[in-house]
Amino acid sequence: MKSVHVAIIGGGYGGIRAVEHLAKNSHISITLIDKNPYHYMQAEVYDFIANKVDMSHIMIDLPSLCKSFGLVEFVCDEITSIDTPSSTISTQTRTIHYDYLIIATGSRTYFPDFITGLREHSHGVKSVPAALDFKQQFERALLNRIEAQSQGCDVQPFNIVIGGAGLSGVEIAAEMAAYANKFYQNGNFGCRGIDVYLIDAYESILFGMDPFLIESAFERLTHLGVHVWHNNRISEVRANEILLDNGKTLGFEFMIFTGGIAASTITQYLGFETNNKGHLVVDEMLNIPSHSNIYAIGDITQALDENGKFIPPTAQLAERGAEHAARNILLSIKGKAKQPFRFKNQGVMIALGGEYGAGMLPGGIKVKGYLAFLIKKAIFRMYTAPLRRRGTIGKRR
């Protein structure tokens with residue numbers, strides 16, 4: 001069978017899954033390109049910023065991982081352009097030819113321009129540097145607060161504001177509240193603790209999700225002492241204060257914004273059709289329109305279901321998209337007709353601070369509490385263990 005070369009841009013959930021599925025075929029060589037030498041497991045970032053794990057817990061070494069597959073080359077570089085007539089990718093240092101291309105560069109925190117000061121005065125957690133910056137600044141602020149006790153108890157509010165009550169916002173709010181409670185209990189610190197505020201633009205958190213998940217999460221947040229403000233939209237962010245559209249103000253020590261995502265900035269330079277948040281428009285095969293050998297998957301796309309409804313971006317969507325793109329590439333190589341993408345949600349698990357969670361499993365099975373926490377951790381280990389084993393093999397080569 002003729003040798004085929006597949007280039008994959010992006011070493012996230014989708015890019016890694018595409019490598020796994022395509023590397024099983026000896027007639028396919030693969031080049032994985034990412035500007036970072038690691039796979040960032042952003043879905044577990046709440047554990048990192050709450051000091052439950054170190055940085056290695058949320059990272060997988062990409063060079064070692066790629067070496068373990070044999071015919072997979074890793075290129076740590078930034079893409080500068082894609083030339084479709086010649087089927088080549090240009091990076092800052094080289095040109096790479098492809099027969100098939102998968103674009104899986106993920107997303108970044110979306111800071112709406114109409115919210116004055118948001119980008120300047122809030123943190124995102126969509127990258128390792130951003131999460132690390134917040135973590136380090138947060139711990140320094142805690143230390144400064146404790147040291148201030150020598151001058152008498154610091155009674156000034158220490159508020160953490162989370163903007164956006166979707167999945168990421170709820171998980172981070174719960175974990176930060178659980179961490180803060182445990183921190184002050186363990187140290188027996190006498191001064192006022194930390195207050196976590198979750199600012200929700202809708203009438204409920206996790207808007208649009210199953211009522212069981214909404215109720216379970218709200219119950220847990222309330223138990224942890226999180227202040228949930230429904231139907232509040234942020235109109236301006238100042239150095240240590242947010243202004244809401246109803247006239248209320250709230251001071252803060254730190255603000256994390258999770259209120260939306262936009263596609264990675266690479267889409268601005270490719271010349272492909274995008275929506276207003278930079279997401280690539282794809283057809284039902286996950287192809288870039290008019291480019292049958294180019295696929296886009298995961299957060300970088302405007303993924304729609306068979307009814308034309310937008311599919312929320314998740315790691316699960318990226319992985320299913322990668323598997324589908326790999327299948328269609330194999331079908332094309334064999335001269336067979338490609339299949340349209342149909343996403344079937346395999347359930348969702350939410351971390352809710354400490355050893356607590358809630359989730360919906362396949363078949364509509366509902367779980368919450370410690371059992372849900374254990375299931376979520378088991379899913380994470382099932383994902384990471386094979387990758388870490390492969391990384392160990394690749395490191396020896």
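This report describes salt bridges and cysteines in a predicted model.

**Salt bridges**

Side chains of opposite charge can pair when their charged atoms come close. In this structure the count of such pairs, taken as salt bridges, comes to 17, and three of them are set out in the table below with the separation of their closest nitrogen and oxygen atoms.

| Salt bridge | N to O separation |
|---|---|
| Lys 377 and Asp 47 | 2.5 Å |
| Lys 135 and Glu 139 | 3.3 Å |
| Glu 319 and Arg 320 | 3.8 Å |

The side chains of Lys 377 and Asp 47 meet in a salt bridge with an N to O distance of 2.5 Å. This pair links distant parts of the chain, since Lys 377 belongs to helix 9 (residues 370-396) while Asp 47 belongs to helix 2 (residues 45-49), and the two residues are 330 residues apart. Both partners, Lys 377 and Asp 47, are buried.

The salt bridge between Lys 135 and Glu 139 is set within a single element, for both residues lie in helix 5 (residues 128-147), where they are 4 residues apart, about one turn of the helix. Lys 135 has a relative accessible area of 10% and is therefore buried, whereas Glu 139, at 30% relative accessibility, counts as partly exposed.

In the third pair, Glu 319 forms a salt bridge with Arg 320, the closest N and O atoms being 3.8 Å apart, which is inside the 4 Å cut-off applied to such contacts. Glu 319 is buried, with a relative accessible area of 11%, and Arg 320 counts as partly exposed at 22%. Through salt bridges that share partners, Glu 319 and Arg 320 are joined with Arg 17, Glu 20 and Glu 323 into one network.

**Cysteines**

How many disulfides does a search of the whole structure find? The search finds 0 disulfides. For Cys 66 the reason is distance: the closest cysteine sulfur, in Cys 76, is 11 Å from its own sulfur, and so too far for a bond, given that a disulfide requires the two sulfur atoms to be within 2.5 Å. Seen from the other side, Cys 76 is likewise in no disulfide, its nearest cysteine sulfur being that of Cys 66, 11 Å away.

Is each of these cysteines buried or partly exposed? Cys 66 is buried, because its relative accessible area is 2%, whereas Cys 76, with a relative accessible area of 42%, is partly exposed.

Definitions and conventions:
Residues are numbered from 1 along each chain as its sequence is written. This is a predicted model: local features need pLDDT of at least 70, side-chain atom pairs count only at pLDDT 80 or more; totals for chains, interfaces and linings use all residues. Side-chain values use heavy atoms; hydrogens and water are left out. Buried means under 20% relative accessible area, exposed over 50%, partly exposed in between (1.4 Å probe, protein chains only).
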